[in-house]
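What follows goes from the chain as a whole to two of its strands and their neighbours. Please keep the sequence and the structure in view while reading.

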Amino acid sequence: MRKNEDPEDELSVTPPKTWATGVPGVAHALQYSLGQTSVRRTALTLLNVNQANGIDCPGCAWPEHGPGKRARNEYCENGAKHINDEATSRRVTADFFREHSVSELDQKSDYWLNQQGRLTEPMVKRPGSDHYEPVAWDEALGLLAAELRGLDSPDEALFYTSGRVSNEAAFLLQLFARAYGTNNLPDCSNMCHESSGSALQETLGIGKGSVSLEDIHDADLVFVVGQNPGTNHPRMLSALEETKRNGGQVVAVNPLPEAGLMRFKHPQKVRGVIGRGTEIADQFLQIRPGGDLALFQALNRLLLEAEDEAPGQVLDHGFIDAHSTGFEEYASHARQVCWDDVLTATGLSRDEIERVHSRVLGSRKVIVCWAMGLTQHKHGVPTIREIVNFLMLRGNIGKPGAGVCPVRGHSNVQGDRTMGIWERMPQSFLDALEREFGFTPPAEHGLDSVNAIRAMLEGRARLFVGVAGNFVRASPDSQATEEALRRCRLTAHISTKLNRSHTVCGETALILPTLGRSDRDFQAGGEQFVTVEDSMSEVHISRGRLAPASPRLLSEVSIISRLARAALGDKTPIPWEEFEADYDTIRDRISRVVPGFEDFNARVTVPGGFKLPNPVNEFKFNTPSGKAVFTRNEFTMLQAPKGHLLLQTLRSHDQWNTIPYAMNDRYRGIHNARRIVLVNPEDLEELNIADRTEVDLVGVWHDGVERRAKGFRVVAYPTARGSAASYYPETNVLVPLDSVADISNTPTSKGIVCRLEAAGLPV
């Protein structure tokens, strides 16, 4: 079998791992990297990734140590795979597209498409054709510009981004979209951490986390809730190891036991190579999906009752009185939490919860970290608001070693939002754009990702531009998403590699290949660098080190600048050609538009970059009252009818976002297969389903239409009772377009009611 072909689907199962990383992690990283490219290119990427003035890893957004504290190998197993997946020596040329029709490519797996390599020249699929063909850059951008000019309204166009886009490209994209006349800027945040932003903006006045890497190290107690660091951001494990070595404790809250949160073997430490490593979680709460709101409501009731028993010794009344509002109303509401409801919703015992409560009482500095295990529930926003309540009760907001920590899963997703990639940017940002560039941006809010799909289905949006990412496979309700894009007059994707979004085409479709993070970027003004913002608000340089994959590639900045010139002409006095030639000129403009970026060019060239100010840590809250807000959140419990389970979608260990790098999930013991569903053995016995049975997953939704994902094999696994887990994007078909979180409109991929039916039954 050649490496770029699909592996045989021959499921084998081994016991789940009880520790993560160590020597095997290094070996797997090198094996994948050397399978993609040469020893020399692998060395160039790995010696430069996450180094000051080096390549920012295009994987997760976990921050690096500061200058002088940074390891020579500042990357994880998945980061090494990700950077060398981009740096691959394989190429997709015009001959490839002559050989393979769009229809044929649409039948290939996500793995196969990715393994073909880097895109090398612009391609177009013309109306009525089933093949992409080469096209010159001027013609490709001219086609797109002509379609934009021909729309009846600017709001018929959609401009989507993923978190791989740099600050400079993101700023130009939103500038172009708004100069064109629309706020339709959906992005990947809409589908992952929008619930975090909504909850934090309402309660603390800023949609970002408040902690630093040093805060994690110095915390007395860190909650890791609804996330799997060992797979999704492995460098977080080294930070948690530091927490433990400094005397702190960790509580893991998750429906599945995760190897990295059991024990971590640091591959750059002797104890991680020949020793046992470090036990990370002091306590593991195997919670039912969606039970996190009830858990924190119970903890908050216990804190209030402890204060009753020892007045003035439990709650931080100094913080509550000086810096918050709504406490009395909240406290009255919180005391009404019913223990029977809590135990049913969480699947935990009262003793387990009270043990956590004891840890909280013994801790002066507490951090709560979370990811999509919280945000992708219908009640995701109330859950995060309740976490803020929990932290505020003991003054764990605004002080060192404490705070909120939403862990972003993609390199610059936070920076994109800071740069204006949001369909609902505040008027103050739009006013700053107007002052700087001399045009009036549209004030009406645009479409997020879910509403963009609806607009395409209904004919209200007819043109889709995707900058990085894989919109088709990242979005919910796969059938609806694909139909939506196929109804467009034109779809265009600015991409480094082939993916499913290139096979789901509008009447006309464009592939616009771009430089990757690892590629050197030369423009008229000389060699350029870009910048990114990590999940802890540190802004730093990313500079490519490799020769570009093709001489016909353009940077994202170049593509956006040239498109803007072609589409807008002299409509606005924005100097697009100047921006393309010298990225310093973009950063100069950013410094005058985006708060915190003053003197951008000078500050970012300091090794390690700079940290954006966080008003929360100065006890300044941009809320109507000027104070942090206690909120009353109604108790909510996910329930599945008899014979059904609560399914959560997740990624395998050998996967990054929508793309699998192999057919394995090594830490969970799954090998050579992806269409599997993990179910508790007791639930299988109750459902009378044997281990390894082939089943269809049937999603149940209130619209009366059942959604079916066919051909999955059951694997007995220690999931929380009443729940199941399976990989996305294969299971995105089960997430209805209308099943979204309240307030944030995030798809509810962690709370799908489903049943298992024997495969092959008549539908």
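Two strands are said to pair if DSSP finds at least two bridges between them. The model discussed here is predicted. By that criterion strand 25, residues 645-650, pairs with strand 33 in the antiparallel sense, over three bridges. Within this pairing, L646 stands opposite V753 of strand 33.

Strand 33 also has a partner in strand 30, residues 694-699; five bridges join these two, and they run antiparallel. Here V695 stands opposite A758 in strand 33. As for its surroundings, strand 33 covers residues 752-758, and six of these seven residues are buried, so the strand is largely enclosed by the rest of the structure. Buried here means under 20% relative accessible area.

A second place to look is strand 14, which spans residues 366-370 and is mostly covered, with five of its five residues buried. In a regular strand, side chains alternate between the two faces of the sheet. The residues of strand 14 can be sorted by side: V366, V368 and W370 lie on one, I367 and C369 on the other, and all are buried, so that both faces of the strand are covered.

The pairings of strand 14 are parallel in sense with strand 8, residues 221-225, where five bridges are found. Strand 14 is also joined to strand 15, residues 403-406, by four bridges, and these two run parallel as well. W370 takes part in both pairings: V225 stands opposite W370 in strand 14, and the bridge partner of W370 in strand 15 is P406.

These strands belong to a chain whose secondary structure comes to 31 helices and 33 strands. The radius of gyration is 25 Å, close to the 27 Å that the globule rule gives for 763 residues, so the chain is as compact as a globular protein of that length. Along the principal axes, the C-alpha atoms fill a box of roughly 75 × 60 × 55 Å.

Burial can also be stated for the whole chain: 66% of the 763 residues count as buried. Of the contacts between residues at least 6 apart in sequence, 79% join residues at least 24 apart.

The surface and the charges complete the description. About 26,200 Å² of the chain is exposed, and carbon and sulfur atoms supply 49% of that area. The chain has 83 positive and 98 negative charges, and the mean positions of the two sets are 4 Å apart.

Terms used
Residues numbered from 1 in each chain as written. Predicted model: local features only at pLDDT ≥ 70, side-chain atom pairs only at ≥ 80, totals over all residues. Heavy atoms only, no water. Rg over C-alpha atoms; globule rule 2.2 N^0.38 Å. Buried < 20%, exposed > 50% of the residue type's maximum accessible area, 1.4 Å probe, protein only. Contact = heavy atoms within 4.5 Å. Areas by Shrake-Rupley, 256 points an atom, 1.4 Å probe, with all protein chains shown as cover. Lys, Arg positive; Asp, Glu negative; His and termini not counted. Charge placed at Lys NZ, Arg CZ, Asp CG, Glu CD.
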